[in-house]
Amino acid sequence: MNKEIVVSGIRSTGYLHLGNYLGAIQNYVEMQNNYDCYFFVADYHSLTTHPDPKALKPNVFRVVAENIASGLDPEKVALYAQSDLPEIPELYLMLNMMAYKGELEKVPTFKDKVRLQPDNVNAGLLTYPVLMAADILIHRAVKVPVGKDQEQHLEMARNFATRFNTRYGAEFFPEPQVWRSNADTVKIMSLDGNGKMSKSENANATIYLSDDDDTIRKKIMKAKTDSGPTEPNSEMPDYIKNLFVLLQVSAGSEVTQTFTDAFNNCNIRYGDMKKQLAESMVSFVGPIREKAAELQRDEQAIRKILKEGAEKARASSAVTIAEARKLIGINYY
Ligand code: AQP
């Protein structure tokens with residue numbers, strides 16, 4: 001039986017962090033045995049912020065290395081750079097004819113970017129959801145493991161797929177759906193409690209997969225807490241819940257239960273909890289960091305992985321684009 005097709009990508013906009021790991025990579029690793037997986041480094045998407053050309057390659061290679069160090073097996077999946085598939089920009093162009101200015105301007109992530117970079121509101125930012133739709137539909141994927149922040153983009157991908165199908169009278173593109181294994185890790189907050197952990201903001205409150213042991217300890221010891229609950233079994237503030245999620249991931253259920261009981265009995269000592277979290281996080285991130293560093297020392301190996309990944313991915317994208325051209329009527333010779 002054919003396996004279901006899965007697509008997901010990570011932008012090469014900086015160092016990967018626990019949010020990327022728990023919200024994305026961990027899902028990729030879980031899916032790689034049971035699905036036909038296409039995972040890519042979204043280097044075209046990173047161009048919206050005009051990165052330094054010299055930084056592009058190391059950023060792409062690091063994302064590849066950190067994915068593999070986290071357990072992704074390039075033998076089992078197609079792991080490639082978005083820019084290695086010329087069919088993606090071609091489909092992006094086709095889908096742009098199905099996307100309307102008004103709906104693109106309403107997307108919250110677009111509005112955020114306009115606020116963050118008012119001097120660089122380029123068309124690429126506006127059409128970001130169209131490029132994301134092309135990334136997914138190029139393999140006619142049915143499942144997309146993404147965090148909550150990407151849900152609206154996925155809904156737009158479904159709309160563009162349906163419009164294309166209706167316009168050209170064919171059941172060509174399936175409607176891709178969100179795939180998620182664990183609701184708790186869907187959004188990892190920044191350690192200072194301000195928004196989500198992210199590559200390009202709040203570096204001191206973000207645990208990167210490349211952080212050394214002391215940096216991890218320092219960042220965790222500075223994480224936002226408060227004076228603790230005064231009523232038994234209180235609701236946890238979201239920045240405290242976030243620490244519990246990270247404790248569960250790195251230290252396991254038994255340790256987490258001990259601190260949960262202390263929280264519920266109003267005798268939790270956040271200093272002790274953070275010390276425990278710091279040590280378990282050091283053990284959790286350390287092996288990923290070391291493995292990723294080792295992989296990055298062998299550029300040749302990463303190049304080979306990207307080349308082979310692109311070949312696997314192009315086998316599928318070439319078929320989609322040939323059929324899409326035919327449906328549109330680009331069929332002259
Ligand atoms: N804090 C997070 N919690 C859970 N999941 C997260 N993801 C990102 N941050 C968190 C998930 O990681 C995948 C890759 O994201 P991306 O690189 O395509 O873009 P992003 O979501 O904008 O990631 P960043 O790290 O916040 O990058 P910058 O700072 O460049 O904007 C996605 O599946 C995302 O859900």
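## Exercises: the ligand shell and the helices around H13

Arg11, Thr13, His17, Lys199 and Ser200 come nearest among the 22 residues around the ligand; a residue counts as near if one of its heavy atoms lies within 4 Å. The model is predicted: local features need pLDDT of at least 70, side-chain atom pairs count only at pLDDT 80 or more, and totals for chains, interfaces and linings use all residues. Residues are numbered from 1 along each chain as its sequence is written, and side-chain values use heavy atoms, with hydrogens and water left out.

**Exercise 1.** Find the polar atoms that Arg11, Gly19 and Ile188 place by the ligand.

*Solution.*
- Use the cut-off for a polar contact: a pair of N or O atoms within 3.5 Å.
- Start with Arg11. One of its polar side-chain atoms lies 2.7 Å from a ligand oxygen atom.
- Go to Gly19. Here a polar backbone atom is 3.2 Å from a nitrogen atom of the ligand.
- Finish with Ile188. A backbone N or O atom lies 2.8 Å from a ligand nitrogen atom.
- Now check the cover. The ligand exposes 650 Å² when taken alone, and the protein buries 95% of that (Shrake-Rupley method, 1.4 Å probe).

**Exercise 2.** Which helix gives the most to the shell around the ligand, and how many residues of each class does the shell have?

*Solution.*
- Take helices (H or I, at least four residues) and strands (E, at least two) as DSSP runs, numbered from the N terminus.
- Strand S1 (5-11) and helix H1 (18-31) each supply at least two shell residues.
- H1 gives the most, with four residues.
- Sort by class: Ala, Val, Leu, Ile, Met, Phe, Trp, Tyr, Cys and Pro are nonpolar, Asp, Glu, Lys and Arg charged, and the others, Gly among them, polar.
- The shell has eleven polar, six nonpolar and five charged residues.

**Exercise 3.** Describe how H11 and H12 pack against H13.

*Solution.*
- Fit axes to C-alpha atoms over the stretch in contact; angles run from 0 to 180 degrees between N-to-C directions.
- Classify the angles: under 35 degrees is roughly parallel, over 145 roughly antiparallel, 65 to 115 roughly perpendicular, and the rest oblique.
- H11 (residues 238-251) packs on H13 (residues 270-297) at about 45 degrees, with the axes 9 Å apart. The pair is therefore oblique.
- H12 (residues 253-264) packs on H13 at about 165 degrees, with the axes 11 Å apart. H12 and H13 are therefore roughly antiparallel.

Technical notes:
Polar contact = N/O pair within 3.5 Å; in protein donor to acceptor, adjacent residues only side chain to side chain.
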